[in-house]
Amino acid sequence: MKAGKMPEGEKTRQCKQEAEQQQKEDEKEGLIEFYGSYQELFQFFCSNTTIHGAIRLVCSKKNKMKTAFWSVLFFLTFSLMYWQFGILYREYFSYPVNLNLNLNSDRLTFPAVTLCTLNPYRYSAIRKKLDELDQITHQTLLDLYDYNMSLARSDGSAQFSRRRTSRSLLHHVQRHPLRRQKRDNLVSLPENSPSVDKNDWKIGFVLCSENNEDCFHQTYSSGVDAVREWYSFHYINILAQMPDAKDLDESDFENFIYACRFNEATCDKANYTHFHHPLYGNCYTFNDNSSSLWTSSLPGINNGLSLVVRTEQNDFIPLLSTVTGARVMVHDQNEPAFMDDGGFNVRPGIETSISMRKEMTERLGGSYSDCTEDGSDVPVQNLYSSRYTEQVCIRSCFQLNMVKRCSCAYYFYPLPDGAEYCDYTKHIAWGYCYYKLLAEFKADVLGCFHKCRKPCKMTEYQLSAGYSRWPSAVSEDWVFYMLSQQNKYNITSKRNGVAKVNIFFEEWNYKTNGESPAFTVVTLLSQFGNQWSLWFGSSVLSVMELAELILDFVVITFILAFRWFRSKRWHSSPAPPPNSHDNTAFQDEASGLGSPHRFTVEAVVTTLPSYNSLEPCGASRDGETGHE
């Protein structure tokens, strides 16, 4: 044996230690470690994930038919699950709501009650012009229907009215006369025309533009409706000529309302307010004062509002209103009384008992519904001195369009700033403009019904009425006697001259209709979890495993792309000189010879091997044998 050679046992032991150390270094994991290929990543994921069915993709790899079957089944299940996810997303972003119905019991605030005479009053400020209009209407009825309406005046006063009419009102009435229509032809009927079959004609009036280039035909199948509409058109013009609306404020509360009691207590002037309606005359609103509102302690007819009203038509305008009685409406405080929409008539000689049930509605705003909180986000100016309602917005929208298109305001609605009411002495063709605009309004060409949204909070009263004869046949004598003594009631037709109205809560309970989101974020996540568990039987941690798989896939793709870029760059670089001690090329070549299965990012310091260890362990025995 040569000198300097390491003993065979020691060398074998050293080789064994180096092999064990190399094995430990191979088995040692780094801080950050990635897979060497997509196949290794996918195999590890399927073998260790908690998602059901994933392991079947790798455990049956020797049976390609099973692998293909489970692959198709796995990805089909994934597709169905995400299809369900899409349905859930669509339902969530449709913002559905749940309707919540609650019944509450509490002392109820009594609503506001508006009562009108149902007939416009012949106010003293416009009495002369109304007399002129009546004279013209009587002559028109005589020409059209051969009806001679008796005049409650002397011949001298009639001649005076004719002279006054010829100089003032007659000119404007002749510009908008009543006409009869047959077979789509409009003709004016002269006074001396021969008699014709009145049933074959329609009656109406024509409204033309200022230069008479275009006309609007307003016709009616009923002569009563035509006369009322035509008379109302001229009546509005007379009202619009009044410089101050206070001239029409002729309240006669005691002569209209004989008795008023609430909760068995007598009403006084502090409990009502008065306003004038062009068609319904004097109107009185009870319990409209927000500082001292009535409250009902108990339900029932004795704990509500009881009114005895006079329904006699004394000095009213019979050509404008053809009904008798009174009109009543129940509404919330701080809301205008639109008698045309929510009111109903009270019959003379009848006791009308109206029971109420309160109902409140609260809608979700924002994305859940197209409601508004206070109307500040509605592109329509509120012309009423009240809170926002849908009807307030619609009427304000029409009035603003009326001022814009016709240069004047309609008398039935509030007056905007800087505008004046329409009057054909100043605005000759306003009637033509109004009826054309009204047709566009009803067809929603103006967009008022689209602009005006429902309020998010509403209070409504569901009404049901009962009727009975009042006073009864056995009690009418003493009732009318007491009314004549106390209220100077001296009507010949007594039964048709009075009526009684009772308004009360039917019960303490009131209904609240509320809305709540049907799909919240928590509900959405819960539905996602249900679908995930249904199709894969896994949990949130399984979702994290899937996210980890995607992240590893991206990182491996980046690493492989980086290695490919470095390898391509090394092959394109020039060869180093022969005597160069730079071993970069050697390292790159060595690294390109084979791709390890794992990449370990770790700082490792390795000592150089001894000289004797450079000799292969397996060849030492053969070398010694040869030298011998």
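# Helix pairs, loops and hollows in a predicted model

Helix H4 passes helix H15 in a right-handed crossing. This is a predicted model, and that helix pair is a good place to start. H4 covers residues 64-93, and H15 covers residues 521-536. Their axes come within 10 Å and cross at roughly 165°. Angles over 145 degrees count as roughly antiparallel, so H4 is roughly antiparallel to H15.

Look next at the side chains between these two helices. H4 brings Phe74, Thr77, Phe78, Leu80, Met81, Tyr82, Gln84, Phe85, Leu88, Tyr89 and Tyr92 to the contact. H15 answers with Val521, Leu524, Gln527, Phe528, Gln531, Trp532, Trp535 and Phe536. By class, the contact has 15 nonpolar and four polar residues. No charged residue takes part.

Follow the chain out of H4. The loop between H4 and strand S2 (97-105) holds Tyr95. The phi of Tyr95 is near 55°, a positive value in a residue other than glycine.

A second helix pair is H5 (residues 127-145) with H8 (residues 223-240). The two axes cross at roughly 155° and come within 11 Å. H5 and H8 are therefore roughly antiparallel to each other. H5 passes H8 in a right-handed crossing. On the H5 side, the contact uses Lys129, Leu130, Leu133, Asp134, Ile136, Thr137, Thr140, Leu141 and Tyr145. These meet Gly223, Val227, Trp230, Tyr231, His234, Tyr235 and Ile238 in H8. The contact of H5 with H8 has ten nonpolar, four polar and two charged residues.

The third pair is H11 (residues 390-406) with H12 (residues 430-442). Here the axes lie 10 Å apart, at an angle of about 135°. That angle makes H11 oblique to H12. The crossing of H11 over H12 is right-handed. From H11, the contact takes Ile394, Phe398, Asn401, Met402, Arg405 and Cys406. From H12 come Trp430, Cys433, Tyr434, Leu437, Leu438, Glu440 and Phe441. The residues of this contact divide into ten nonpolar, one polar and two charged.

H11 also leads to an open space. H11 supplies at least two residues to the lining of the second largest pocket. Strand S15 (326-331), helix H10 (339-342), strand S17 (350-362) and strand S18 each do so too. S18 gives the largest share of the lining, seven residues. The pocket has a volume of about 850 Å³. Of the 29 residues that line the pocket, the closest to its centre are Glu335, Thr389, Met458, Thr459 and Glu460. The lining is mixed in class: ten nonpolar, eight polar and eleven charged residues.

Stay with S18, which spans 457-469. The loop from S18 to helix H14 (476-487) contains Pro471. A cis peptide bond joins Trp470 and Pro471, with omega about -15°.

Enclosed spaces come last. Rolling a probe the size of a water molecule over the atoms shows where empty space is left. The structure holds two cavities of 30 Å³ or more. The second largest cavity has a volume of about 30 Å³. Its lining consists of Ala270, Asn271, Asn287, Asp288, Asn289, Ser292 and Trp294. By class, that lining has two nonpolar, four polar and one charged residues.

Technical notes. Residues are numbered from 1 along each chain as its sequence is written. This is a predicted model: local features need pLDDT of at least 70, side-chain atom pairs count only at pLDDT 80 or more; totals for chains, interfaces and linings use all residues. Side-chain values use heavy atoms; hydrogens and water are left out. Axes are lines fitted to C-alpha atoms, for helices over the stretch in contact, and angles run from 0 to 180 degrees between N-to-C directions. Helices (H or I, at least four residues) and strands (E, at least two) are DSSP runs, numbered from the N terminus. Angles under 35 degrees count as roughly parallel, over 145 as roughly antiparallel, 65 to 115 as roughly perpendicular and the rest as oblique. A crossing is left-handed if the near helix is turned anticlockwise from the far one by less than a right angle, and right-handed if clockwise. Contact means heavy atoms within 4.5 Å. Ala, Val, Leu, Ile, Met, Phe, Trp, Tyr, Cys and Pro count as nonpolar, Asp, Glu, Lys and Arg as charged, and the others, Gly among them, as polar. On a 1 Å grid over the protein atoms alone, a cavity is a set of points where a 1.4 Å probe fits but cannot get out, and a pocket is an open set with protein on both sides within 12 Å along at least five of seven lines; lining residues have an atom within 4 Å of a point. Grid points are joined across faces, edges and corners, and a volume is the space filled by probe spheres set on the points.
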